[in-house]
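Student: Before I plan any bench work, could we go through this protein together, with each answer reasoned from the coordinates?

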Amino acid sequence: MIGAVKIEHAQALLGKAMLKLRHFENQDLELLVEYLNCDDVVKYLSTVIPQPYTDADAKWWICEGCKADFVRAIEVNGVLAGCIGARRKQAEFSKSAEVGYWLAKPFWGQGFATEALNLLAREVSETTDIVRLQAMVFEGNAASLAVLKKSGFTAEGYLQKAVYKNRRFYNAHLLGKVVS
């Protein structure tokens with residue numbers, strides 16, 4: 001659960017929201033641990049994110065994990081709000097990238113994920129040779145589907161039993177967008 005003081009602090013800052021994407025920093029450690037131990041935040045995230053999420057996990061992420069591929073911290077008014085990234089595919093798919101993102105609960109429902117995804121798509125298009133972004137979304141994750149559609153992604157497929165998490169199968173939606 002996210003601490004009440006941090007929620008109040010985050011909500012106070014949201015009055016005049018300024019979002020930017022940046023690299024992760026050592027100062028993000030405490031909030032990463034807090035956010036990624038929230039069941040609602042990790043419900044639809046990959047199982048590669050350890051649970052429970054520890055200080056050691058956050059240190060590894062900040063020092064090494066986020067350096068691979070195209071990963072950015074989402075910051076709102078100077079506060080870490082989440083993470084977004086694009087992982088380049090391999091071989092003949094090397095001009096495509098898989099998009100993933102998450103936001104801490106105090107930042108949900110305010111358009112921040114859509115804004116971050118649009119910024120990421122623009123940065124990827126302008127700084128890499130990637131021409132296509134795609135995302136797989138667990139069935140039931142209506143908020144993420146809405147974010148992708150608002151950002152110009154289109155439905156390309158529906159994959160039955162594509163995800164196995166917590167001893168349960170999930171169907172998944174595949175969405176894509178050409179960025180260049």
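Tutor: What follows is a set of questions and answers on a predicted model, going from the overall fold to the core, the cysteines and the charged pairs.

Student: How many helices and strands does the protein have, and in what order do the elements run?

Tutor: The secondary structure comes to six helices and seven strands. Read from the N terminus, the order of these elements is α-β-α-α-α-β-β-β-α-β-α-β-β.

Student: What is the radius of gyration of the protein, and how does it stand against the globule rule?

Tutor: The C-alpha trace spans about 45 × 40 × 30 Å along its principal axes, and buried residues make up 45% of the 180 residues. For 180 residues the globule rule gives 16 Å, and the computed value is close to that, so the protein is as compact as a globular protein of that length. The radius of gyration is 16 Å.

Student: Among contacts between residues at least 6 apart in sequence, what percentage join residues at least 24 apart?

Tutor: Here a contact means heavy atoms within 4.5 Å, and the count starts from pairs at least 6 apart in sequence. Of those contacts, the share that joins residues at least 24 apart is 66%.

Student: Which helix gives the largest share of the largest nonpolar core?

Tutor: The largest nonpolar core has 53 residues, and those with the most contacts inside it include Phe 24, Phe 107, Leu 117 and Leu 120. Seven residues of this core, its largest share, come from residues 112–127, that is, from helix α5.

Student: What length does α5 reach from its first C-alpha to its last, and which elements do its buried residues pack against?

Tutor: The helix has 16 residues, and its span is close to the 22 Å expected at 1.5 Å a residue, the value in the model being 22 Å. Its buried residues are Phe 112, Ala 113, Thr 114, Ala 116, Leu 117, Leu 120, Ala 121 and Val 124. The elements they pack against are β1, β2, β3, β4, β5 and α6.

Student: Which residues does Leu 120 contact, leaving aside its neighbours within four places in sequence?

Tutor: Leu 120 is among the residues with the most contacts inside the largest nonpolar core, and it is one of the buried residues of α5. With neighbours within four places in sequence set aside, its contacts are Leu 21, Phe 70, Ile 84, Gly 85, Ala 86 and Val 99.

Student: Is Thr 114 buried or exposed?

Tutor: Thr 114 is found in helix α5, and, not counting residues up to four places away in sequence, it touches Val 147, Lys 150 and Ser 151. Its relative accessible area is 11%, and because the limit for this class is under 20%, Thr 114 is buried.

Student: How many disulfides does the model contain, and how far is the sulfur of Cys 83 from the closest cysteine sulfur?

Tutor: A disulfide is a covalent bond between the sulfur atoms of two cysteines, and the rule applied here asks for sulfur atoms within 2.5 Å. Cys 63 is in no disulfide, as the nearest cysteine sulfur, that of Cys 66, is 8.2 Å away. Cys 83 is buried at 9% relative accessible area, but the closest cysteine sulfur to its own, also in Cys 66, is too far for a bond, at 7.8 Å. The count of disulfides is zero.

Student: Which residue forms a salt bridge with Lys 105, and why does the pair tie together separate parts of the chain?

Tutor: The closest N and O atoms of this pair are 2.6 Å apart, and the partner of Lys 105 is Asp 40. Because Lys 105 lies in the loop between β4 and α5 and Asp 40 in helix α3, the pair ties together parts that are 65 residues apart in sequence. Lys 105 is partly exposed at 36% relative accessibility, and so, at 39%, is its partner, Asp 40.

Student: Which residue forms a salt bridge with Asp 69, and is that partner buried or exposed?

Tutor: Asp 69 pairs with Arg 87, with 2.7 Å between the closest N and O atoms. Asp 69 lies in the loop between α4 and β2 and Arg 87 in strand β3, so the pair ties together parts 18 residues apart in sequence. Asp 69 counts as partly exposed at 39% relative accessibility, whereas Arg 87, with a relative accessible area of 54%, is exposed.

Student: How many salt bridges does a search of the whole structure find?

Tutor: One of the pairs is Lys 95 with Asp 129, whose closest N and O atoms are 2.4 Å apart. This pair links the loop between β3 and β4 to the loop between α5 and β5, 34 residues apart. Salt bridges that share partners also join Lys 20, Arg 22, Glu 25, Asp 28 and Glu 75 into one network. Over the whole structure, the number of salt bridges found is 11.

Technical notes
Residues are numbered from 1 along each chain as its sequence is written. This is a predicted model: local features need pLDDT of at least 70, side-chain atom pairs count only at pLDDT 80 or more; totals for chains, interfaces and linings use all residues. Side-chain values use heavy atoms; hydrogens and water are left out. A nonpolar core is a set of buried Ala, Val, Leu, Ile, Met, Phe, Trp, Tyr and Cys residues joined through side-chain atoms within 4.5 Å. Buried means under 20% relative accessible area, exposed over 50%, partly exposed in between (1.4 Å probe, protein chains only). Helices (H or I, at least four residues) and strands (E, at least two) are DSSP runs, numbered from the N terminus. The expected span of a helix is 1.5 Å times one less than its number of residues. A salt bridge is a side-chain nitrogen of Lys or Arg within 4 Å of a carboxyl oxygen of Asp or Glu. The radius of gyration is taken over C-alpha atoms; the globule rule is 2.2 Å times the number of residues to the power 0.38.
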